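I opened this notebook to record what I looked up in a single structure. The entries follow the order in which I made the queries.

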Amino acid sequence: MAEATQTQTRPMTEEGDFLQLQAVDHLHFYVGNAKHAMYYWWKGLGFKPVAYSGLETGNRQYASYVLESGKIRIVVSAPYGPSHEMAGHHLTHGDGVKVIALQVRDVEQAHRETTARGGQSAWAPREETDEHGVLRTSAIRAYGEVLHVFVDRSDYEGPFAPTYKALDYAADDAGLAAVDHIVGNVQLGQMEHWVNFYHRVMGFRQLLHFDDKDISTEYSALMSKVMENGNGRIKFPINEPADGKKKSQIEEYLDFYYSPGVQHLALSSGDIIETVTQLKANGIEFLRVPDTYYEMLPERVGDVVKEPLDKINELGILVDRDDEGYLLQIFSRPIQDRPTSFIEVIQRRGSRGFGKGNFKALFEALEAEQNLRGNLDPYGG
Ligand code: FE2
């Protein structure tokens, strides 16, 4: 089989959407230097710093900044000493996503339902209280060291959580509006396990799958299944490496992250041309596909795309088209030293896909970079 298969109209679960996830609440990166990471998201990606926790706020364990752009909330934290769990996490993984937090109406119910279905508890329902009210959370474990934290903010009015104080920094908004999807990389043979986890434990359904015929160049093959929650707002593709002549891009990630983890965050924009123009001016680096891609573009998608193709070419934006419409997307280079996490900017014009038509060109560009890093040949060199 080589076609992406859409199973959206046929929920995998008979029990329906028992978890009732509302939205992604935040993504929490553990990093080596929270102030530097904050500056990258602020000046590079146009996020507004809105809250801080650290020594000055009575937090003697770690420094932490919360940044927002549209509906996206990113937290970056670094420990003050070697004994904090963030220090061990950073030592092993480098900078990376520790928490994908999800908004729920009832953290007790979310914890009960997921653990009853085999989810492993990270913490039982708990309340943190300060002068702004009560913040309720619970958490379960996902792939690698990633946690899903369930968050109920309905009785909390503070800037983020207890110990955090509000910041009011001016930011130059780049138009990043919402989390479109969050991709996890897991080890060879583990994709099905995590697809089942999202289905069985979290009530997600499978939206699409891509096999190695869809997603391979001669070398850097992978397989992917896209899981989606009940209201369709939360999409988690899960990738595993597939056999190829050379090292899969997913293996490169696993080699440098030292475990499964979050590969990329796709952030939507209502005007990708404006957004990418600004991000590039800010110094954010993106993958560039070969020029032949743009020579073939008018024939592939030209008659439906409203945006000027010369501008799309100039910025290096990719376009894909399907029965429902089209989408525009672009991928950053890794956002930390290790070739692990990166960012996708995406604008959907009807399409609910993931850019299947771009996989080949994109992965060739990616392999060229992987080769520069000495990580394409499985035997070294
Ligand atoms: Fe993506």
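The entries below concern a predicted model and cover its metal site, its sheet and its empty spaces.

**Entry 1: metal site.** I began with the iron ion and asked which atoms coordinate it. The donors are His181 through NE2, His264 through NE2 and Glu344 through OE, at 2.0 to 2.1 Å. I then noted their spacing along the chain, which reads H-x82-H-x79-E. The two histidines link distant parts of the chain, being 83 residues apart. I located His181 in strand S10 (residues 176–185) and His264 in strand S14 (residues 261–269). Are His181 and His264 buried or exposed? I found both of them buried.

**Entry 2: sheet.** I next traced the sheet to which S10 and S14 belong. It is an open sheet of eight strands, and I read their order as S11-S12-S13-S10-S14-S17-S16-S15, with mixed pairing. The edges are formed by strand S11 (205–210) and strand S15 (318–322), each of which pairs on one side only. With direction ignored, neighbouring strands of this sheet are turned by 25 degrees against each other on average.

**Entry 3: S10 and its surroundings.** I examined the pairing of S10 with strand S13 (residues 235–241): the two run parallel and are joined by two bridges. For Gly184, I recorded Ile238 as the bridge partner in S13. I also looked at helix H6 (residues 272–281), which lies across S10, S14, strand S16 (325–331) and strand S17 (342–349). Relative to S17, H6 runs at about 160 degrees.

**Entry 4: cavities.** How many cavities of 30 Å³ or more does the whole structure hold? My search returned two. I put the volume of the largest cavity at about 250 Å³. It is lined by 22 residues, and those closest to its centre are Asn239, Gln263, His264, Phe359 and Phe363. His264 thus appears again, having been listed above as a donor of the iron ion. Elements that each supply at least two lining residues include strand S12 (222–228), S13, S14 and helix H9 (359–372). H9 gives the most, with four residues.

**Entry 5: largest pocket.** I turned last to the largest pocket, which contains about 570 Å³ of space. Of its 24 lining residues, I listed His28, Tyr62, Trp123, Arg126 and Glu128 as lying nearest the centre. Among the elements that each supply at least two residues of this lining are strand S1 (23–30), helix H2 (85–93), strand S6 (121–130) and strand S7 (133–141).

Definitions and conventions
Residues are numbered from 1 along each chain as its sequence is written. This is a predicted model: local features need pLDDT of at least 70, side-chain atom pairs count only at pLDDT 80 or more; totals for chains, interfaces and linings use all residues. Side-chain values use heavy atoms; hydrogens and water are left out. Donors are N, O and S atoms within 2.8 Å of the metal (3.2 Å for Na, K and Ca); water is not among the atoms, so sites may look incomplete. Buried means under 20% relative accessible area, exposed over 50%, partly exposed in between (1.4 Å probe, protein chains only). Two strands pair if DSSP finds at least two bridges between them. Axes are lines fitted to C-alpha atoms, for helices over the stretch in contact, and angles run from 0 to 180 degrees between N-to-C directions. Contact means heavy atoms within 4.5 Å. On a 1 Å grid over the protein atoms alone, a cavity is a set of points where a 1.4 Å probe fits but cannot get out, and a pocket is an open set with protein on both sides within 12 Å along at least five of seven lines; lining residues have an atom within 4 Å of a point. Grid points are joined across faces, edges and corners, and a volume is the space filled by probe spheres set on the points.
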